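Biologist: Let's go through this model term by term. I will ask what each label rests on.

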Amino acid sequence: MNKNNIEQLSALAFNAQKNSHSPYSNFKVGAAVITPTGEAFAGCNVESAAFPLGQCAEATAIGNMVSQGHKRISHIVIASPNEEFCFPCGGCRQKIAEFATDDTPVTMVSKQGQTHNTTIGELLPNAFRAHDLEK
Ligand code: THU
C-alpha cells in the first residue's frame, strides 16, 4: 500500500463526500481513484427520488476518470461517513475490476481516519473480465 496515495486520495474522497447528494439515505460517501500516471479523480454518491437510479461514489469517481480519458486504476480509496468502513457494494466491485487488476489496492477510510487495506481480487475473486468474452 502506498501511504502517499492513501493520504492524497483520502483528502479528495472526503472533499467529494461533502457534495454527496443523499437526501434519501443520508449516507454520504466519497471515493477517489489514482491512475498509474498519477492523475486522481474523486466522486460522491448521487441519489434520485426514483431510488434505483442512485449512483455510488465509486461509480462517480470512475466515471470522472474515464471521462478524462483514463482507463487504469492503481488505487481506490472509499471514505465512509461514520466510524465503520464502507466496503464497496457488489456492483461497484465489478466496476472497479473493469479498470483494475486483482492486486490493485482498495482502501476504506473511516470518518476518524482509520484505514482498512485490501485488494480488488480479495473483494471480488474470479472477476468476470473482458478476456472472458473472447473464449
Ligand atoms: N454507497 C456508496 O456510494 N458506496 C458504497 O460503497 C456503498 C453505498 C451509497 C449508495 C447510496 O447512495 C448510499 O450509499 C446508501 O446505500
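**Labels and their grounds**

Modeller: This is a predicted model. The side chain of R129 reaches the backbone oxygen of A97 at 3.1 Å.

Biologist: What makes the pair of R129 and the backbone oxygen of A97 a polar contact?

Modeller: The distance is 3.1 Å. The cut-off is within 3.5 Å, so the pair counts.

Biologist: Where is R129 found, and which residues does R129 touch?

Modeller: R129 is found in the segment after α4. Leaving out residues up to four places away in sequence, R129 touches A97, A100, T101, D102 and I120.

Biologist: Why is R129 called buried?

Modeller: Its relative accessible area is 17%. Buried means under 20%, so R129 qualifies.

Biologist: Which residues of helix α3 are buried?

Modeller: In α3, residues 90-98, they are C92, I96 and A97.

Biologist: How do you know that they are on the same side of α3?

Modeller: They cover an arc of only 140° around the axis, which puts them on the same side of the helix. They pack against α2 (57-67), β3 (75-79) and α4 (120-123).

Biologist: Now the ligand. What makes E47 and E58 polar partners of the ligand?

Modeller: An N or O atom in the side chain of E47 is 2.5 Å from a ligand oxygen. For the side chain of E58, the distance is also 2.5 Å. The cut-off is within 3.5 Å, so both pairs count.

Biologist: How much of the ligand's area does the protein cover?

Modeller: The protein covers 77% of the 370 Å² of accessible area that the ligand has on its own.

Key. Residues are numbered from 1 along each chain as its sequence is written. This is a predicted model: local features need pLDDT of at least 70, side-chain atom pairs count only at pLDDT 80 or more; totals for chains, interfaces and linings use all residues. Side-chain values use heavy atoms; hydrogens and water are left out. Buried means under 20% relative accessible area, exposed over 50%, partly exposed in between (1.4 Å probe, protein chains only). Helices (H or I, at least four residues) and strands (E, at least two) are DSSP runs, numbered from the N terminus. The arc is that of the directions from the helix axis to the C-beta atoms. Contact means heavy atoms within 4.5 Å. A polar contact is a pair of N or O atoms within 3.5 Å; within protein, one must be able to donate a hydrogen and the other to accept it, and residues adjacent in sequence count only if both atoms are side-chain atoms. Accessible areas come from the Shrake-Rupley method with a 1.4 Å probe; for residues, only the protein chains shown count as cover.
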